[in-house]
Amino acid sequence: MGHHFAVLKTMPFRGATMSALLLAATLGLASAASAQTNEKGQDQSKAAPAATAQDNREAQKRTDEFAEAAKAINGPAGNPECVWLGRRVVNLMWRDDLDTAFRHLDLYDRFGCPGGHVQATFRCLVRFGATIDNKIPDTLNTRIQACWINPSAQPQNSNFPPPTPPAAPPAKPAAPAK
């Protein structure tokens with residue numbers, strides 16, 4: 001396995017040839033890993049039904065969340081791809097993984113999803129920040145979903161002022177007459 005990379009270091013390759021060699025090396029590693037997985041497949045078959053049931057519950061939960069968002073939100077922010085990508089962006093921003101958040105935000109924009117909804121959801125999440133407990137699983141994701149559905153939500157006994165709509169851009173001064 002190590003000799004593949006030594007060859008790559010010593011030979012001058014360009015463009016597609018280098019990509020093809022890297023792909024071939026990766027596929028070789030993947031097929032070796034697949035062979036090892038197949039040998040252990042019999043042992044894992046006993047645990048498969050429990051994992052499948054958990055996967056089915058997660059898939060159903062995700063489907064229900066998308067349906068809830070589609071019913072509650074008019075427009076593209078309720079589309080499943082916008083919900084999925086937007087919630088990921090907000091989650092990554094909360095966890096200070098801004099580089100990854102911005103890459104996801106590029107995809108979010110590419111799907112035609114409204115950037116203002118991500119901003120409003122993150123603003124809502126910040127307002128509820130004191131109620132998020134990292135020790136309790138899924139607290140963050142539940143709050144992100146609630147804020148995605150209703151970005152203007154306020155925590156009880158909040159000191160935060162109610163959200164204000166974005167300001168209109170300043171009017172351009174009239175050009176002097178000549």
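**Reading a buried pair, a pocket and two loops**

Me: Are Glu65 and Arg87 buried or exposed in this model?

Reply: Both Glu65 and Arg87 are buried, where buried means under 20% relative accessible area, exposed over 50%, and partly exposed in between (1.4 Å probe, protein chains only). The model is a predicted one, in which local features need pLDDT (the predictor's confidence in each residue, from 0 to 100) of at least 70 and side-chain atom pairs count only at pLDDT 80 or more, while totals for chains, interfaces and linings use all residues. Residues are numbered from 1 along each chain as its sequence is written, and side-chain values use heavy atoms, with hydrogens and water left out.

Me: How many salt bridges are there, and which residues form a salt bridge?

Reply: A salt bridge is a side-chain nitrogen of Lys or Arg within 4 Å of a carboxyl oxygen of Asp or Glu. By this rule there is one, formed by Glu65 with Arg87, whose closest N and O atoms are 2.9 Å apart. The pair links distant parts of the chain, 22 residues apart, with Glu65 in helix α3 and Arg87 in helix α4; helices are DSSP runs (H or I, at least four residues), numbered from the N terminus.

Me: Which residues are closest to the centre of the largest pocket?

Reply: Rolling a probe the size of a water molecule over the atoms shows where empty space is left. On a 1 Å grid over the protein atoms alone, a pocket is an open set of points where a 1.4 Å probe fits, with protein on both sides within 12 Å along at least five of seven lines, and lining residues have an atom within 4 Å of a point. The largest pocket has a volume (the space filled by probe spheres set on the points, which are joined across faces, edges and corners) of about 410 Å³. Of its 15 lining residues, the closest to the centre are Glu65, Trp84, Arg87, Asn91 and Asn141. Helices α3 (48–72), α4 (80–94) and α7 (139–149) each supply at least two lining residues, and α4 gives the most, with five.

Me: Where is Pro76, and which residues does Pro76 contact?

Reply: Pro76 is in the loop between α3 and α4, and counts as partly exposed because its relative accessible area is 35%. Leaving aside neighbours within four places in sequence, Pro76 is in contact (heavy atoms within 4.5 Å) with Cys82, Gly112 and Pro114. Gly112 itself is in the loop between α5 (98–110) and α6 (115–127), and is partly exposed because its relative accessibility is 47%.
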